[in-house]
Amino acid sequence: MKIPTLSFLSFAFLLSSSIPVSASAPTHEDFLQCLSLHSPNSTSISQVIYTPNNSSYSSVLQFSIQNLRFTSSSTPKPLVIVTPIHESQIQATVYCSRNHGMQIRVRSGGHDYEGLSYVSEVPFVVVDLINLRSITVDAGNKTAWVQAGATVGEVYYRIAKKSKTLGFPAGVCPTVGVGGHFSGGGYGLLLRKYGLAADNIVDARLIDVNGDILDRKSMGEDLFWAIRGGGGASFGVILAWKVNLVDVPSTVTVFTVDRTLEQNATKLVHQWQYVAHKFPANLFIRVIIQGVNSSQSGKRTIQASFNSLFLGRVDELLPLMQERFAELGLRREDCKEMSWIESVLYFAGFPSGESIDVLLDRTPLSRSNFKAKSDIVNEPIPETGLEGIWERFYEEEAKVAVMILSPYGGKMDEVSETAIPFPHRAGTLYKIQYVVSWEEEGAEASKSHINWIRRLYRYMAPYVSKWPRAAYINYRDLDIGANNQGNTSYAQASVWGFKYFKGNFHRLVQVKSKVDPDNFFRNEQSIPPVPSWSKKGGGE
Ligand code: FDA
C-alpha cells in the first residue's frame, strides 16, 4: 500500500491549530508529525486526534469504558486517541505506530472485561472505531456488511428496519461492539439455533501490519479463520464484517420465571442441567443466579431466574415445557409473545413498550467496577455442589454478584471444534459466567471482591471442564495467564491459550507467525508468533 504523503505545511497546521500536543514524550510528537505527513487530508486527521491536552480527551476516552475498574487516575492512559472517519487514517496510524515504537490498542465497543482495548503499560495509541459504524442490510440476500465500530444494538436495529423475520445471533447487551464481540465468538439467545456470531461471518475487511486492506480472498482462509473467534487484536485492525442473517419467526415467546431456594431452586437448577442442552434448538432457557432479599420473609436467599427465548408461539411452548421440564411449572401468564426485535429489548432489560430507537444509544446501560470469569460444564453439578455455590453467594462481597448458566447443544453440537478458533462445542452442557460488581472506590474494595470471585472459581474446579479448564475469550480474564508486556513464548501463552482455544491455539500461533512475525499487534493475551514458523507456517 502506498501511504500518501503531505507537505510540511499541513504538519504546521496540525500543530498550531486544533491539536494540542503534549510537551512530554518525543515519541508522541514524532508520532503526531508522522500521522500528519502520512494522512491524505491533514485537516480531517486533525479533527480525529485527541491528546491529554485536548479538552475532549477524557470524555472521548471514558465514553465507552464499561468497567470502572479502569477509569482510576492510576490507570495508564493512551498518549493519543484517534477516532478515524476514513480507513486511510487507520492505515496511517498503523504505519506511524510501527515507526515510532507505539503500541496500538483498537477499541470498538470498549466492553473488554480487562480494559485491553484502552489500557497498556507501554506507550500506546487507541484507535477508537466509534465513527466507523455503518451497516448495510441486504434483506433479499439475507446478508449485511457491518463496520467494526458498530454495536450489536445498532446491528439489530438496522436489521429490524428492513425485516421482521430476520435476525442475527449475537450478544444480549446492545452496547457491545462488533469489533471485539464477533472476533471473540459472540453469543446470545439464538445460540442453540444458529451458533455464534462468528459462525455466521462470511467475509471481512482488515488492515494488516503492513497497512494493507485485505478482504477474505486476499487475506486467505487461515487469517480469515483466525479472526472469527481467535480475538481480532492479535492479527490487525478489523474494519468490517459481512454476515449471514438468520430467519426468525414474526412472533417469538419470552419468559422469566424466578425461583428462590424456598421455591425449590436447587432441584430446578439441578434438573435444568439434564434437559436444557437437549431441548429443540428453538428453545433457549438460561439460568441467572444471584442473592436476593426474599419478598416473603425479607431474609437473604438465592434466586434462580429461568430466562427464556422460544422461537415460536406460546401455544407451542407450553406443551413442550410440560413434556420436557414440567418441574418448572411454567404458566401461560408467565409468557409474553412479541416480535424478535422486541425480545432484544426485553432481554436487554428495557421496559415493555420502549421504542427500538434505544438500540442506537451507545451509552453503556450501566457501569460499575467488576471482575468476571467463565467456565465450561460437561457433567451436571450435583445438588451438594450447587449448595456450596449458594453458600458463597451469601458472603458480604457477593452482594452484587451473578452467575449466568447458558445452555449449549443444538447448533453448537453440530459445528466442529476446529471450524473456527472457538472450540467449546459438542459435549458442552453449558457455559458459566461469574460476575461480581461493586460501587465502592479504592483498592481495598476491589481486592475483597476480586478475592471473592477467585475463591468461588477455586471452589468450582471439581465441577467444571478440566485439562484444560476452559474459558471464553470474550469473558477476558487475566487471572488465567497474561503475556509480559505483550511479549511471551509459545509455552507461556499456551497456559491461557489452551483454555480459550484448546488445540486451535496451535493454528492461531501459526497464523500469527505468518501475518505478524514481529508481534506488532499485541496485548496481555494476544497470540504470540514463533519466529521460526514465519516462513513455512511451521510447528508441524
Ligand atoms: P473492546 O472494544 O473493548 O474490544 C475487545 C477486544 O477486541 C480488545 O482486545 C480490542 O483491542 C479488540 N478489538 C476491538 N475491536 C477490534 C477491531 N476492530 N479489530 C481488532 N481488534 C479489535 N459476550 C457475549 O458473547 N455475549 C453477551 O451477551 C455479552 N454481553 C456482554 C455484556 C456486557 C455488559 C459486557 C461488558 C460484555 C458482554 N460480552 C458478551 C462480552 C463481549 O463480547 C466482549 O467484551 C467483547 O470483546 C466486547 O467487544 P467490544 O468491541 O465492545 O470491546
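In this predicted model, the lining of the second largest pocket is shared between domains: domain 1 (8-130) and domain 3 (252-331 + 368-475) each contribute at least three residues to it. The volume of this pocket comes to about 440 Å³. Its lining consists of 22 residues, and Arg69, Phe70, Ser72, Thr75 and Pro76 are the closest to the pocket centre. Sorted by class, the residues lining the second largest pocket divide into nine polar, seven nonpolar and six charged.

Attention now turns to the ligand. A shell of 32 residues surrounds the ligand, with Val106, Ser108, Ser117, His181 and Tyr472 as the closest. Polar residues number 16 in this shell, alongside 13 nonpolar and three charged ones. Among the secondary-structure elements, strand 3 (103-107), helix 7 (178-183) and strand 10 (237-244) each provide at least two shell residues. Helix 7 gives the largest share, with three residues.

Several polar contacts can be picked out between the ligand and the protein, and both backbone and side-chain atoms take part. On the backbone side, a polar atom of Gly110 lies 2.9 Å from an oxygen atom of the ligand, while a polar backbone atom of Ala233 is found 3.4 Å from a ligand nitrogen atom. From a side chain, an N or O atom of Asn474 sits 3.2 Å from an oxygen atom of the ligand. The ligand taken alone would expose 940 Å², and the protein buries 93% of that area.

Technical notes: Residues numbered from 1 in each chain as written. Predicted model: local features only at pLDDT ≥ 70, side-chain atom pairs only at ≥ 80, totals over all residues. Heavy atoms only, no water. Near = heavy atom within 4 Å. Polar contact = N/O pair within 3.5 Å; in protein donor to acceptor, adjacent residues only side chain to side chain. Areas by Shrake-Rupley, 256 points an atom, 1.4 Å probe, with all protein chains shown as cover. Helix = DSSP H or I, 4+ residues; strand = E, 2+ residues; numbered from the N terminus. Nonpolar A, V, L, I, M, F, W, Y, C, P; charged D, E, K, R; others polar. 1 Å grid on protein atoms, 1.4 Å probe; cavity = no way out; pocket = protein on both sides within 12 Å on 5 of 7 lines; lining within 4 Å. Points joined across faces, edges and corners; volume = space filled by probe spheres on them. Domains from an automatic or database assignment.
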